[in-house]
Amino acid sequence: MTNEAGDREQDGGDGRAEASAKAYEDIAKAAQDGIAEAGEAAEAADSAEGMDPALLQAQEEAASFRDLALRAQAEAENIRRRAARDVEQAHKFALEKFAGELLPVLDSIEKAVEAASTLAEGEDTKAMAEGVTLCHRLFLDTFGKAGITPIDPHGEPFDPEQHQAMAMIEAPAAAPNSVVDVLQKGYALNGRLLRAAMVVVAKGA
């Protein structure tokens, strides 16, 4: 139902944009008709003796209509561009809220993978660990197909736009202001940040 509502809303937005563009096209057409009429009036005035004021008025009207037509055509083109950009953004980030709701689920699966790797080896525990690992891999593959990518900046310079510093520690072996530990991975959807990575940062000298 949510997808159907979204499709109807998107179709409605497209329809409104098309209607606006059509309205400006109608204005442009009317302006061009006015240009033609003014031109005819100018020709008639030019052919008649003693009608110079009427000729000047017709020329002014023609210039006014020409300016109106150009403005209307430019506005119609801008509306079409904005509508196309809005539709592209809607398609690209339609999953943003849904993906954000799934991130805690993925976090839990990752913790299960870590816990399974610490269990004593045995046929039962090995099968369980393999199953959880496979589930985690499938989850990440599905995210990847939807344009959702993890942010795991271990060893990278701290980036306040993608990372959230939870602590700073002395780390002689690490470069100053670099990420020495990732407490929770971040994720991005088609380049847009879904959740910042929670990190521990090395102190500077």
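**Close-up views of the predicted model**

**Figure 1. Phe139 is in contact with Leu102, Val105, Leu106 and Ile109, when residues up to four places away in sequence are not counted.** The coordinates shown here and in the following views belong to a predicted model. Phe139 is one of ten residues that make up the largest nonpolar core, together with Phe93, Ala99, Leu103, Leu106, Ile109, Phe143, Ile148, Tyr187 and Leu189. At least two residues of this core come from each of H3, helix H4 (123-145) and strand S4 (186-189). The greatest contribution is that of H3, which gives four residues. A second core, separate from this one, has seven residues, among them Ile151, Val179, Val182 and Ala197. As general background, nonpolar side chains in soluble globular proteins tend to be buried together.

**Figure 2. Helix H3 spans residues 96-117 and carries a kink.** The 22 residues of H3 reach 32 Å from the first C-alpha to the last, close to the 32 Å expected at 1.5 Å a residue. The kink, of about 30 degrees, lies at Leu102, shortly before the proline Pro104. Buried positions of the helix are Ala99, Leu103, Leu106, Asp107, Ile109, Glu110 and Ala116. Four residues of H3 enter the largest nonpolar core, but the buried set of the helix also holds Asp107 and Glu110.

**Figure 3. Asp107 is a buried residue of helix H3.** Which residues does Asp107 contact, leaving aside its neighbours within four places in sequence? The partners are Gln184 and Arg195. Asp107 has a relative accessible area of 11% and therefore counts as buried, the limit being under 20%. Of its two partners, Arg195 also appears in the pairing of S4 with S5, where Tyr187 stands opposite Arg195.

**Figure 4. Strand S4 pairs with both S1 and S5.** Four bridges join S1 to S4 in the antiparallel sense, and in this pairing Ile148 stands opposite Leu189. Strand S5 (residues 192-195) also runs antiparallel to S4, through three bridges. Here Ala188 faces Leu193 across the pair, and Tyr187 stands opposite Arg195. S4 and S5 form a hairpin with two residues between them, and Asn190 in the turn has a positive phi of about 50 degrees. Both faces of S4 are covered, with Gly186 and Ala188 buried on one side and Tyr187 and Leu189 buried on the other. In general, side chains of a regular strand alternate between the two faces of the sheet.

**Figure 5. Three strands form an open sheet in the order S2-S6-S3, with mixed pairing.** Strand S2 (163-169) and strand S3 (179-184) each have a single partner strand and stand at the edges, so one side of each is left without a neighbour in the sheet. Neighbouring strands are turned by 30 degrees against each other on average, direction ignored. S3 pairs with strand S6 (residues 197-202) in the antiparallel sense over four bridges. In S6, Val200 stands opposite Asp181.

**Figure 6. Pro157 occupies the loop between strand S1 (148-151) and S2.** Is Pro157 buried or exposed? Its relative accessible area is 62%, and Pro157 is therefore classed as exposed, for which the cut-off is over 50%. When residues up to four places away in sequence are not counted, Pro157 touches His163, Asn177 and Ser178. A separation of 9.5 Å lies between the C-alpha atoms of Pro157 and Ala202, which are 45 residues apart along the chain.

**Figure 7. The protein chain as a whole has four helices and six strands.** From the N terminus on, its elements run α-α-α-α-β-β-β-β-β-β. Of the 205 residues in the chain, 24% are buried. Among contacts with a separation of 6 or more, 68% are between residues 24 or more positions apart.

Terms used
Residues are numbered from 1 along each chain as its sequence is written. This is a predicted model: local features need pLDDT of at least 70, side-chain atom pairs count only at pLDDT 80 or more; totals for chains, interfaces and linings use all residues. Side-chain values use heavy atoms; hydrogens and water are left out. Two strands pair if DSSP finds at least two bridges between them. Axes are lines fitted to C-alpha atoms, for helices over the stretch in contact, and angles run from 0 to 180 degrees between N-to-C directions. The expected span of a helix is 1.5 Å times one less than its number of residues. The bend at a residue is the angle between axes fitted to the seven residues ending there and the seven starting there. Buried means under 20% relative accessible area, exposed over 50%, partly exposed in between (1.4 Å probe, protein chains only). Contact means heavy atoms within 4.5 Å. A nonpolar core is a set of buried Ala, Val, Leu, Ile, Met, Phe, Trp, Tyr and Cys residues joined through side-chain atoms within 4.5 Å.
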